[in-house]
Amino acid sequence: MVSLHHTDPELAGLLDAEVTQQNSTLAMVASASIADPSVLAVGGSALSNVTAEGYPGARYHPGAQQFDAVENLAVERAKHLFGARYANVQPHSCSSANLAVLAALMRPGDTLLGLDLDAGGHLTHGSPASVTGRHYHAVSYGLDESGRIDYARLTDLVLEHRPRVLIAGASAYPRLIDFARFRAIADIAGAYLLADISHIAGLVAAGRHPSPVDVAHITTTSTYKQLGGPRGGLILSGREYKTPGPDGRTPLHRLMQRAVFPQSQGTPSPASIAAKARAFAAAAEPAFQETARLIVHNARALAQELSALGHRILTGGTDNHMVLIDVTDFGLSGVVAERALEECGILANRNRIPGDTKPPLVTSGLRLGTNILAQRGMDAAQMRVCAQLLHTVLAGTTAQSDTEYRIDPALVAQVRAEVQWLCSRHPLPIDTAHRVPVSLIGVGT
Ligand SMILES: Cc1ncc(COP(=O)(O)O)c(C=O)c1O
């Protein structure tokens, strides 16, 4: 960074500004966490210069000695963290992991059953907007009246459509996922169960959410949402790792290796894999367990506080890191709520909610997450403050249309000041680690 300030001050300035912004805003984006400075450093290391397709010991390029050792380390740490028997650390994201897994288990036109996007599912679970909705015959299940997964209807759908793959996992679902029940339902039709734990991987690793690793055939996750890792994906398998794939012969672990390389990816990202190895080790430490405890504890506290302030909390509460609220009761759309909060220094994203009548870029809901609040060491007392700040902004915003709003500038200034005060008392680890001291700018070359 010292050198960058000399060679490219414009870019260095933008990166510094990002650190300042992250440190002084209250980030409640449920799909985000803060990577430890060691993870960021490893992700930017010279290992990135290695080009080596293939797997450790079987590369298609020379010069991969260190990379082989790093990838083996990442695989072993991933297996240890999740109690898995197989891990593939090469996927560049969870989307690419899901696409690889599905391509290995299904032929075009086979039936895929996943949670509906409007009910909290992910694009790669069969949405028409994704290749998964176009290449496969995608059918979706939804929620019951209480907002929880409708397992009875899911059973009917499995009996009716006999899917090749059933996906358990969500992008916007605040309750526990009963993976064992999913497996029993998948077994009715002999379907493979894919558990996508992108959002809850940290809670699973810390034992705060039941693990699907030995229950599902395959488990996938992003490494940055709740694991404090780099951008990237991960494929895991537990007891089923030797179960035959659709050809009746090839074990799942071998299918998954091929599914990633050569079937869907080229060169892996060595420094990202090293950063994953670092993050998996950090997630196995007691401090991470404490963060995971705080994540759940804070989400519950936030939901209770917001409910007491008159907000409608979907499902009436939460079991994980996420709180979903319907903002239409306050006369707002999701995007208006998101923008008004951002103006005040609070980041939370719009979200479709069951039965939503507004378009995907507008929505009726807001999704809050407590990963970063917990990483900042905030507790129930700070959740009261956060809920009050959220409420002050949402109640003080007047929608002029689905996308435009008015808010008193004095209110914005007041909330921004309170947000900064709160953040200054709970700084992020990146602040001191990443900012280049002014005294050093002008020294380096
Ligand atoms: C459940 C779920 N699966 C997969 C993904 C995709 O993850 P990535 O951003 O790593 O591609 C997301 C991201 O939003 C998600 O919520």
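Two residues are taken to be in contact if their C-beta atoms, placed from the backbone, lie within 7 Å. The exercises below concern a predicted model.

**Exercise 1. Determine which residues His 122 contacts beyond its sequence neighbours, and whether His 122 is buried or exposed.**

Solution.
- Step 1. Locate the residue: His 122 lies in the loop between strand 5 and helix 6.
- Step 2. Set aside the neighbours within four places in sequence; His 122 is then in contact with Ser 171 and Asp 196.
- Step 3. Apply the cut-off for burial, which is 20 or more other C-beta atoms within 10 Å. His 122 has 23 C-beta neighbours inside 10 Å and therefore counts as buried.
- Step 4. Consult the record: UniProt, in an unreviewed entry, lists His 122 under "binding site", together with Leu 117, Gly 121 and Leu 123.

**Exercise 2. Describe the surroundings of Gly 121.**

Solution.
- Step 1. Gly 121 is placed in the loop between strand 5 (111–115) and helix 6 (131–135).
- Step 2. Its count of 23 C-beta neighbours inside 10 Å means that Gly 121 is classed as buried.
- Step 3. Apart from neighbours within four places in sequence, the contacts of Gly 121 are Gly 114, Leu 115, Asp 116, Ser 140, Ala 170 and Ser 171.

**Exercise 3. Characterise the position that UniProt annotates as "modified residue: N6-(pyridoxal phosphate)lysine".**

Solution.
- Step 1. The unreviewed UniProt entry assigns this feature to Lys 225.
- Step 2. Lys 225 occupies the loop between strand 9 (218–222) and strand 10 (233–237).
- Step 3. Because 24 C-beta neighbours fall inside 10 Å, Lys 225 counts as buried.
- Step 4. Leaving aside neighbours within four places in sequence, Lys 225 touches Ser 31, Ala 32, Ser 33, Ser 198, His 199 and Ala 201.

**Exercise 4. State how many residues surround the ligand and how they divide by character.**

Solution.
- Step 1. The ligand is surrounded by 14 residues, the closest being Ser 93, Cys 94, Ser 95, Ser 171 and Ser 222.
- Step 2. This shell comprises two nonpolar, eleven polar and one charged residue.

**Exercise 5. Establish where the largest nonpolar core lies with respect to the domains.**

Solution.
- Step 1. The largest nonpolar core has 132 residues, and Ala 78, Val 101 and Leu 166 have the most contacts inside it.
- Step 2. Both domain 1 (42–283) and domain 2 (286–432) contribute residues to this core, so it lies between them.
- Step 3. For the domains themselves, the C-alpha centres lie 29 Å apart, and the contact takes 19 residues from domain 1 and 21 residues from domain 2.

Conventions. Residues are numbered from 1 along each chain as its sequence is written. This is a predicted model: local features need pLDDT of at least 70, side-chain atom pairs count only at pLDDT 80 or more; totals for chains, interfaces and linings use all residues. Domain bounds come from an automatic or database domain assignment. A nonpolar core is a set of buried Ala, Val, Leu, Ile, Met, Phe, Trp, Tyr and Cys residues joined through C-beta atoms within 7 Å. A residue is buried if 20 or more other C-beta atoms lie within 10 Å of its own, exposed if 12 or fewer, and partly exposed in between; C-beta atoms are placed from the backbone. UniProt positions are given in the numbering used here, feature names are shortened, and annotations may be inferred rather than shown by experiment. Helices (H or I, at least four residues) and strands (E, at least two) are DSSP runs, numbered from the N terminus. A residue is near a molecule or strand if its C-beta atom, placed from the backbone, lies within 6 Å of it. Ala, Val, Leu, Ile, Met, Phe, Trp, Tyr, Cys and Pro count as nonpolar, Asp, Glu, Lys and Arg as charged, and the others, Gly among them, as polar.
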